[in-house]
Amino acid sequence: MIHFVTTKLHGYTVTNLIDRQGAELCKHWNYENLFAQTDLPQGTWIFTDHERLFPTTLQGAAFIAKQLQLRGDRVLNNPALVRSRYEVLRRLQEAGINRFSVYRADSNPQPRRFPVFIRNEHNHLSDGIFLIQDQEEWDEELELMESKGIPLIGKLVIEYCGEEFLPETWRRFSSYCIGGKIISHHTGFDDQWIVKDGFDAEKLENHPDREELLSMERNFVMQNQYDEILREVFSIARIDYGRADFSIYDGQIQVFKINTNPMHGREEEVLAQSHPGRRDTLIRSEDILQQAIKGLHGNSLDTPGQSTGN
């Protein structure tokens, strides 16, 4: 049995995944009902949503994970080991993988390069993010936040490191780590530097470089591109299960987020909303992902995070 543990409000992310895998193979827990149990079933345990946990919840989850390991269960994303978003970005920059730096907003930072933007460390919201062009503008934004009563704790200041792939077109790649296996899953393209949901089917159909975009995603998935460097990325983050979102800058990948509780959409809905030229690629990548998850049941793992039990 594979056990997914999420926060109470974010269990919807694995609902479709569990439906496809089957209730006999996968089960969902939230941290509240996990803590209420006196006897937990054996299996593979995947802890998620670390950035959304209060310190006391994180500590309790780490204690349970240790007990599961001691009795021989397999644990992915050990809460005692997974690094915070800030720490992941900082270490990736130190390792020479990322070219941009990250700062805590409450540390009175003076970024070495601009523009920068502000993100919350403890969620995945991207609405309202904008580029701040220089130190003077950052100082003004800092004063404005304080005047509005917005706490600086939990806010990250991140140096922008992106480029247009084609005129007015930015790209984002998404790859999973499933127990050590890296899976190139999909790409997103947008006409703004924050790539959110990407082009819808109509917009992609009318894009002058449509075939190049479709070919890029197809090659990304079929060749499982960036496998080696992403194994290092997940190892640095100490994450065994999750999705890395990254872009390419000057030929080098730039990882801006690893989500330990990525959303798994219903396949038929995803395909229905996608451009017809993407569908075979998306079916292929999702099949590989589903097989990797099924392989967590009863098989040994080669995990970058090194957080499994015996």
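This is a short walk through one helix, two single residues and a pocket of the structure above. The model is predicted, so keep that in mind as you follow along.

Let's start with helix H5, which runs over residues 135–147. With 13 residues at 1.5 Å a residue, H5 should span 18 Å, and its end C-alpha atoms are indeed 18 Å apart, so the expected and modelled lengths agree. Now turn to the buried residues of this helix, which are Gln135, Trp138, Glu141, Leu142 and Met145. They cover an arc of only 115° around the axis, so they sit on the same side of H5. The spacing is easy to make sense of: an α-helix has 3.6 residues a turn, so residues three or four places apart point the same way. On the other side of H5 you will find Glu136, Glu143 and Ser147, which are exposed. What covers the buried residues? The cover includes strand E6 (116–120) and strand E7 (155–159).

Next, move along the chain to glutamate 267, which lies in helix H9 (residues 267–273). Its relative accessibility is 25%, and because buried means under 20% and exposed means over 50%, glutamate 267 counts as partly exposed. Glutamate 267 is also a good place to see how the fold brings distant parts of the chain together: leucine 17 is 250 residues apart from glutamate 267 in sequence, yet their C-alpha atoms are 9.5 Å apart in space. If you set aside neighbours within four places in sequence, glutamate 267 is in contact with Arg20, Ile283 and Glu286.

Threonine 281 belongs to helix H10 (residues 279–294). Is threonine 281 buried or exposed? With 3% relative accessibility, threonine 281 counts as buried, since the cut-off for buried is under 20%. Its contacts, not counting residues up to four places away in sequence, are Glu217, Arg218 and Val221.

Finally, have a look at the second largest pocket, which holds about 350 Å³ of space. Its lining is made of 21 residues, and those nearest the pocket centre are His50, Glu51, Arg83, Ser84 and Arg85. Three elements each give two or more residues to this lining: helix H3 (55–70), helix H4 (85–94) and strand E11 (252–259). Of these, H4 gives the most, with 4 residues. Sorted by class, the lining of the second largest pocket has 12 nonpolar, 4 polar and 5 charged residues.

Notes: Residues numbered from 1 in each chain as written. Predicted model: local features only at pLDDT ≥ 70, side-chain atom pairs only at ≥ 80, totals over all residues. Heavy atoms only, no water. 1 Å grid on protein atoms, 1.4 Å probe; cavity = no way out; pocket = protein on both sides within 12 Å on 5 of 7 lines; lining within 4 Å. Points joined across faces, edges and corners; volume = space filled by probe spheres on them. Nonpolar A, V, L, I, M, F, W, Y, C, P; charged D, E, K, R; others polar. Buried < 20%, exposed > 50% of the residue type's maximum accessible area, 1.4 Å probe, protein only. Contact = heavy atoms within 4.5 Å. Expected span 1.5 Å × (residues − 1). Arc of directions from axis to C-beta.
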